[in-house]
Amino acid sequence: MVPSLSSITSRLRFRQLTLLVALDEWGSLHRAADQLGMTQPGLSKALREIESTFGAELFQRSPQGVQANELGRCILRYARVIASDLGHLREEIDGVLRGSGGRVAVGTITGALHSVLIGALAQLRQTQPALSIEVREGISSELLSQLNEGRLDLAICRTTVSSQADQFDYEALEGEQVALAVGAQHALARAKRVNLAQLARCRWILYPGNMPLRTLVEREFREAGLALPPYPIETASSLATMLMLKQDPQLVAVMAEGTMAFCEEHGIAKRLPLAMRARHEGYGIVTRRGARLSPAAALLAQCLREAASAPGDEAPLSP
């Protein structure tokens, strides 16, 4: 039987939410108790009280430690959101009392990092120089998970990678152009014309399966009647991709236009004169469904909109 809301609010305390998060992070009653400055019997008793509030076990016990079950993971997600909101509350109070400041945590995919976020952060720092900013780079699925857990205020990514996209609010920013890149010593680095059949004979760096840029490449080869190059190196890391292109003269990679422009500017990689025909999905500002942004996060969102609408200086892809 699901406990009533009044029963939960009258029995559950913020301290207990902290205990749940610590147990999940440490996976051990002993280590979590040490971290919280408690005894293990005291933590065990506190956990039983919390489980009594919800009328069910939240963790599976074993000789190897404790692990949250499905119900526990559900409650942990909200526990982290509440803890994050309380942390933001304190920072907002501090900012109000000092007349400025605050904190914002933003996550971004690599393409948006170069295209909109860097410019938006520069504008944000001019407006709020005392603001504390945390930036996390990752793939969309990771960012959505962190957003759902309250670790991020907003993210710049895609929601279509999630089976629970309805948990988020999405505001489109812009489409994302992509480019094909090789190292400066690649045989095709100075070619005037390149076709996909030539590239099919090269070794490739690809994003892991089911990621939008991986799907894009697979669709491009399929529509051209070509097999995807075998034995690719798979990574979602832009840094790893840059280093491998610079080191290995046989590799080809697909990357976001902003990343490509950075590589060209610093001599890391060369752009191939071949445009991808398949259309690539854009990205946008993502927040938890119905969540009210803090003043700092709302200001960052506005800076992102302005950065996305500003005229760009990136070179277009060759036809």
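Arg305 is partly exposed in this predicted model, at 31% relative accessibility. Its salt-bridge partner is Glu171, and the closest N and O atoms of the two lie 2.6 Å apart. The pair links distant parts of the chain. Glu171 belongs to strand β6, residues 168–174, whereas Arg305 belongs to helix α12, residues 295–309. Along the sequence, 134 residues separate the two. Glu171 also counts as partly exposed, because its relative accessibility is 30%.

This contact belongs to a wider set. The search of the whole structure returned 11 salt bridges. Another of them joins Glu51 to Arg61, with 2.9 Å between the closest N and O atoms. Glu51 sits in helix α4, residues 40–54, and Arg61 sits in strand β1, residues 59–62, so this bridge ties together parts that are 10 residues apart in sequence. The two ends are covered to unlike degrees. Glu51 has a relative accessible area of 7% and is therefore buried, the limit for that class being under 20%. Arg61 has a relative accessible area of 39% and is partly exposed.

A further bridge pairs Glu134 with Arg136. Here the closest N and O atoms are 2.7 Å apart. Glu134 is partly exposed at 25% relative accessibility. Arg136 is likewise partly exposed, with a relative accessible area of 27%. These two residues do not stand alone. Together with Arg103, Glu134 and Arg136 are linked in a network of salt bridges.

Nonpolar side chains were examined next. Phe14, Tyr78, Ile82, Leu86, Leu89 and Ile93 form a nonpolar patch on the surface. Together these residues have about 580 Å² of accessible area. Helix α5, residues 70–98, supplies the largest share of the patch, with 5 residues. Ile82 is located in helix α5. Its relative accessibility is 35%, so Ile82 counts as partly exposed. Phe14 lies in helix α2, which covers residues 14–26. With a relative accessible area of 55%, Phe14 is exposed, because that class begins over 50%. Phe14 and Ile82 are 68 residues apart along the chain. Their C-alpha atoms are nevertheless separated by 8.6 Å.

The interior was then searched for enclosed space. Rolling a probe the size of a water molecule over the atoms shows where empty space is left. The whole structure holds 2 cavities of 30 Å³ or more. The largest cavity contains about 50 Å³ of space. Its lining consists of Tyr207, Ser238, Thr241, Met242, Val254, Met255 and Thr259. Two elements, α10 (238–247) and β10 (251–256), each give two or more residues to this lining. Helix α10 provides the largest share, 3 residues. By class, the lining of the largest cavity has 4 nonpolar and 3 polar residues. No charged residue takes part in that lining.

One backbone angle also stands out for inspection. Tyr231 has a phi near 55°, a positive value in a residue other than glycine. This residue is found in the loop between α9 (212–223) and β9 (233–234). Tyr231 counts as exposed, because its relative accessibility is 69%.

These features are set within the following overall frame. The protein chain has 319 residues, of which 44% are buried. Its secondary structure comes to 12 helices and 12 strands. Along the principal axes, the C-alpha atoms of the chain fill a box of roughly 70 × 50 × 35 Å.

How values were computed:
Residues numbered from 1 in each chain as written. Predicted model: local features only at pLDDT ≥ 70, side-chain atom pairs only at ≥ 80, totals over all residues. Heavy atoms only, no water. Patch = residues over 30% accessible without salt bridge, like charges linked within 9 Å, V, L, I, M, F, W, Y side chains within 5 Å. Areas by Shrake-Rupley, 256 points an atom, 1.4 Å probe, with all protein chains shown as cover. Salt bridge = Lys/Arg side-chain N within 4 Å of Asp/Glu carboxyl O. Helix = DSSP H or I, 4+ residues; strand = E, 2+ residues; numbered from the N terminus. Buried < 20%, exposed > 50% of the residue type's maximum accessible area, 1.4 Å probe, protein only. 1 Å grid on protein atoms, 1.4 Å probe; cavity = no way out; pocket = protein on both sides within 12 Å on 5 of 7 lines; lining within 4 Å. Points joined across faces, edges and corners; volume = space filled by probe spheres on them. Nonpolar A, V, L, I, M, F, W, Y, C, P; charged D, E, K, R; others polar.
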